[in-house]
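Please look over the sequence and the 3D structure shown below before reading on. The briefing that follows begins with the ligand and then turns to the chain around it.

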Amino acid sequence: MDDIQTLLNTFQEQLSSTTTLTDLTVLETSYLGRNGTINNKLKNIGAIPPEERKQYGAAINDLKKAVETALLDRKSVLLKEKDTATKIDVTLPGTAYPHGSLHMVTYAVEEISRIFSKIGFIRMTYPEVEWEHFSFEALNIPKTHPARDDVETFFVDGPESEQYGKMVLSPHTSSGQVREMLRVGKPPIRMISIGKCYRPNWDVTHVPMFHQFEALCVDTTINITNLKGTIDYFVKEFFGENRESRLRPHHFQFTEPSFEVDITCGECLGTGEKNGAKCRVCKSGWLELAGAGMVHPNVLKAGGLDPDKYTAWAFAFGLERMMMMKEGIKLSDMRIMYSGDVKFLEQF
Ligand code: DAH
């Protein structure tokens with residue numbers, strides 16, 4: 001009978017050292033299984049003297065019950081432990097993943113589109129890989145014209161078109177002017193086109209891929225005051241009420257008359273002075289911002305429009321330049337915008 005007590009003690013020790021449900025199943029089989037310790041004891045009951053057998057049998061049954069109960073108790077303890085270990089505490093703060101931000105130029109594109117949609121301009125997109133014809137000839141810049149040197153161009157290796165010449169990476173968004181006239185066919189036209197442009201320059205104020213935003217307005221009575229009014233509206237919306245614009249005479253092949261557009265410096269607000277010294281940003285009070293003018297009759301003709309019937313203005317701003325002039329953004333080198341430096345980019 002002592003062996004039964006010893007067996008129970010051993011079982012209890014083994015039971016308390018189980019840590020998983022698998023341990024428990026193994027232990028259960030080794031005691032209660034068909035060939036387990038307890039069944040073996042019952043099978044061998046014949047070896048017990050007859051007068052002790054009844055009591056011995058009852059003791060084995062008690063042992064079996066004790067083992068079963070203890071196994072069940074232990075199982076519920078282990079189940080509870082497992083449950084607590086895998087439970088998710090929904091009140092804990094989650095893991096914070098770094099999230100990206102839009103590029104500053106993307107923000108500018110969105111803002112410009114919003115500003116111009118308020119005054120009825122639609123946004124168009126024109127090819128980034130463009131024909132020479134739309135980039136130059138249609139803009140009154142024939143092949144032999146020296147002005148073509150002003151715009152250094154990336155040419156694309158590829159078949160030439162008899163009608164349109166070579167393929168180029170669009171050096172400016174002005175190519176969209178004639179495309180838009182041909183697309184619409186009959187004015188009025190109020191269009192903006194914001195796109196990527198390419199020129200082989202790389203320094204503090206130039207990157208080889210940059211963005212321009214072109215605006216074109218064609219109708220029967222369009223004049224310079226419409227151009228100036230639209231530029232003023234845009235400058236105040238985009239840069240702020242305290243900024244002014246001016247037109248300065250210039251030359252472009254595709255506009256006559258032509259202008260350069262200046263805006264008052266955001267640092268000295270047009271005075272040219274800051275803290276008793278010359279303003280370090282502009283030196284003169286003005287910053288050069290864009291090219292503009294009244295669309296040349298030859299350009300209207302290339303777009304299939306009668307220059308005696310229609311007049312038009314056009315302008316183009318460099319987006320990266322604009323971003324550098326926006327108040328609060330002080331950039332000494334344009335190239336950082338395309339450096340992929342997340343510390344810089346995530347500020348916008
Ligand atoms: N296409 C010119 C450039 O890239 C900018 C420009 C000047 C566009 C005058 C215009 C304009 O629409 O009227 O330098």
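Which residues surround the ligand most closely? The shell holds 15 residues, and the closest are His172, Ser174, Arg199, Gln212 and Glu214, where a residue counts as near if one of its heavy atoms lies within 4 Å of the molecule. This is a predicted model, in which local features need pLDDT of at least 70 and side-chain atom pairs count only at pLDDT 80 or more, while totals for chains, interfaces and linings use all residues. Residues are numbered from 1 along each chain as its sequence is written, and side-chain values use heavy atoms, with hydrogens and water left out.

**Contacts of the ligand**

- A polar contact is a pair of N or O atoms within 3.5 Å, and one such pair joins a nitrogen atom of the ligand to a polar side-chain atom of serine 174, at 2.9 Å.
- The side chain of glutamine 177 places an N or O atom 3.1 Å from an oxygen atom of the ligand, whereas phenylalanine 315 uses a polar backbone atom, which lies 3.5 Å from a ligand oxygen atom.
- The ligand taken alone exposes 360 Å², of which the protein buries 90%, with accessible areas coming from the Shrake-Rupley method with a 1.4 Å probe.

**The shell around the ligand**

- By class, the shell has six nonpolar, seven polar and two charged residues; Ala, Val, Leu, Ile, Met, Phe, Trp, Tyr, Cys and Pro count as nonpolar, Asp, Glu, Lys and Arg as charged, and the others, Gly among them, as polar.
- Strand 6 (209–219), strand 11 (286–295) and strand 12 (311–318) each supply at least two residues of this shell, where strands (E, at least two residues) and helices (H or I, at least four) are DSSP runs numbered from the N terminus.

**Unusual backbone points**

- The peptide bond from proline 187 to proline 188 is cis, with omega near 15°, and proline 188 is found in the loop between helix 8 (175–184) and strand 5 (189–198).
- Another cis peptide bond joins glutamate 256 and proline 257, with omega about -5°, and proline 257 is found in strand 8 (residues 255–264).
- Leucine 269, although not a glycine, has a positive phi of about 50°, and this leucine 269 lies in the loop between strand 8 and strand 9 (273–274).

How values were computed. Polar contact = N/O pair within 3.5 Å; in protein donor to acceptor, adjacent residues only side chain to side chain.
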